[in-house]
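Trainee: I should be grateful for a close look at a single part of this protein. Would you please take me through its parallel sheet and the elements that pack around that sheet?

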Amino acid sequence: LIKIKQMVEKSGLLNYPEFKLWIMVEVPSCALNLEEFIKIGIDGVSIGTNDLTMMLLGVDRDSEEVASVYDERTPVVLNVLEYIVKTCQKYGITSSICGQAPSDYPEIAERLVRAGITSLSVTPDVIDRTRQIVFDVERKLFKEKKWYNEFMAVIKKIVANEIINSLGYPTLQGKLFLDDGRFVISNISSLNPEIDLPVKELRDG
């Protein structure tokens, strides 16, 4: 990784603010030593659950003789996935997943969202289901915060507008008007106005 980063640096790509250096985490040595890779300097990771599961379990998922043993829901696999996500969260870098696991097993998607994963990649046929999972988990986590009821009690009105974020993706920006005349501007992570995180600014009305 050090040599690769030096090559990228020589190319001049690191001079572009929008350029992000990610690594694939799909072998146990990378997953279990992730902190060392992060300390070298990366912006995010993409978890390849297919190969990672195969190597953690020592099972060839393409072999008819042992494919039935291959299962991403095995505790050791789930623990490693959660460790990766929480480690990325600890160091403030992006964590994503590109394997088949969250598409096949919604409970894995839910566990990763609870752990703090940044994004999930799923097959087209389960997009709606996964969005609902993310929404439900985020809403529950948000409501578990001690200041939730206090904050919701002082909101008089919510106005949301679609904007293009710094990465060029459409997102919702909400303006929450409080009962004391001030308002809060935040990016809305879902269509439910109760999920307004993170708060960006607090201004006088």
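Mentor: Let us begin at one end of the sheet. Strand 3 and strand 4 are paired in the parallel sense, with two bridges between them. Within this pairing, I97 has L120 of strand 4 as its bridge partner. Please keep in mind throughout that the model is predicted.

The sheet as a whole may now be set out. It is an open sheet of four strands in the order 1-2-3-4, and the pairing is parallel. Strand 1 and strand 4 (119-120) are the edge strands, each pairing on one side only. The protein around this sheet has nine helices and eight strands, and 34% of its 205 residues are buried.

Moving inward from strand 4, we return to strand 3, which covers residues 94-97 and pairs with strand 2 in the parallel sense over four bridges. Two facing positions help to locate this pairing. V45 stands opposite S95 in strand 3, and I47 stands opposite I97 in strand 3. On the other side, strand 2 runs parallel to strand 1, and four bridges join them. There, V25 has I47 of strand 2 as its bridge partner. I47 is thus a useful residue to follow by eye, with V25 as a bridge partner and I97 opposite in strand 3.

Strand 2 also deserves attention for its two faces. Both are covered: G44 and S46 are buried on one side, and V45 and I47 are buried on the other.

Next, consider S95, which lies in strand 3. Its relative accessibility is 1%, and because buried means under 20% relative accessible area, S95 counts as buried. Apart from residues up to four places away in sequence, S95 touches V45, V85, C88, G116, I117, T118 and S119. One of these, V45, is the residue that stands opposite S95.

We may now turn to the helices. Helix 5 lies across strand 1, strand 2 and strand 3, and runs at about 165° to strand 2. A general tendency is helpful at this point: in soluble globular proteins, nonpolar side chains tend to be buried together. In this model the largest nonpolar core has 29 residues, and those that touch the most other members are V25, L34, V45, I47 and I84. Two or more residues of this core come from each of strand 1 (22-25), helix 2 (28-32), helix 3 (34-41), strand 2 (44-47), helix 5 (75-91), helix 7 (106-115) and helix 8 (127-143). Helix 5 gives the largest share, seven residues.

L34 shows how such a core member is surrounded. Neighbours within four places in sequence aside, L34 is in contact with I23, V25, V45, I84, T87 and C88. Of these residues, C88 is also among those that S95 touches.

Helix 7 offers a further view of the packing. Its buried residues are I108, A109, L112, V113 and A115. They are on the same side of helix 7 because they cover an arc of only 160° around the axis. These buried residues pack against helix 5, strand 3, helix 6 (101-104), strand 4 and helix 8. Helix 7 is followed by G116, which has a positive phi, near 110°, and G116 is also one of the residues that S95 touches.

P106, which lies in helix 7, makes a useful contrast with S95. With a relative accessible area of 27%, P106 is partly exposed, whereas S95 is buried. P106 is in contact with R129 and I133, if its neighbours within four places in sequence are left aside. P106 and I133 are 27 residues apart along the chain, and 7.6 Å separates their C-alpha atoms. Pairs of this kind can be set beside a figure for the whole protein: among contacts between residues at least 6 apart in sequence, 43% join residues at least 24 apart.

To review the part you asked about, the four strands follow the order 1-2-3-4, helix 5 lies across strand 1, strand 2 and strand 3, and the buried residues of helix 7 pack against strand 3 and strand 4, among other elements.

Key: Residues are numbered from 1 along each chain as its sequence is written. This is a predicted model: local features need pLDDT of at least 70, side-chain atom pairs count only at pLDDT 80 or more; totals for chains, interfaces and linings use all residues. Side-chain values use heavy atoms; hydrogens and water are left out. Buried means under 20% relative accessible area, exposed over 50%, partly exposed in between (1.4 Å probe, protein chains only). Contact means heavy atoms within 4.5 Å. A nonpolar core is a set of buried Ala, Val, Leu, Ile, Met, Phe, Trp, Tyr and Cys residues joined through side-chain atoms within 4.5 Å. Two strands pair if DSSP finds at least two bridges between them. Axes are lines fitted to C-alpha atoms, for helices over the stretch in contact, and angles run from 0 to 180 degrees between N-to-C directions. The arc is that of the directions from the helix axis to the C-beta atoms.
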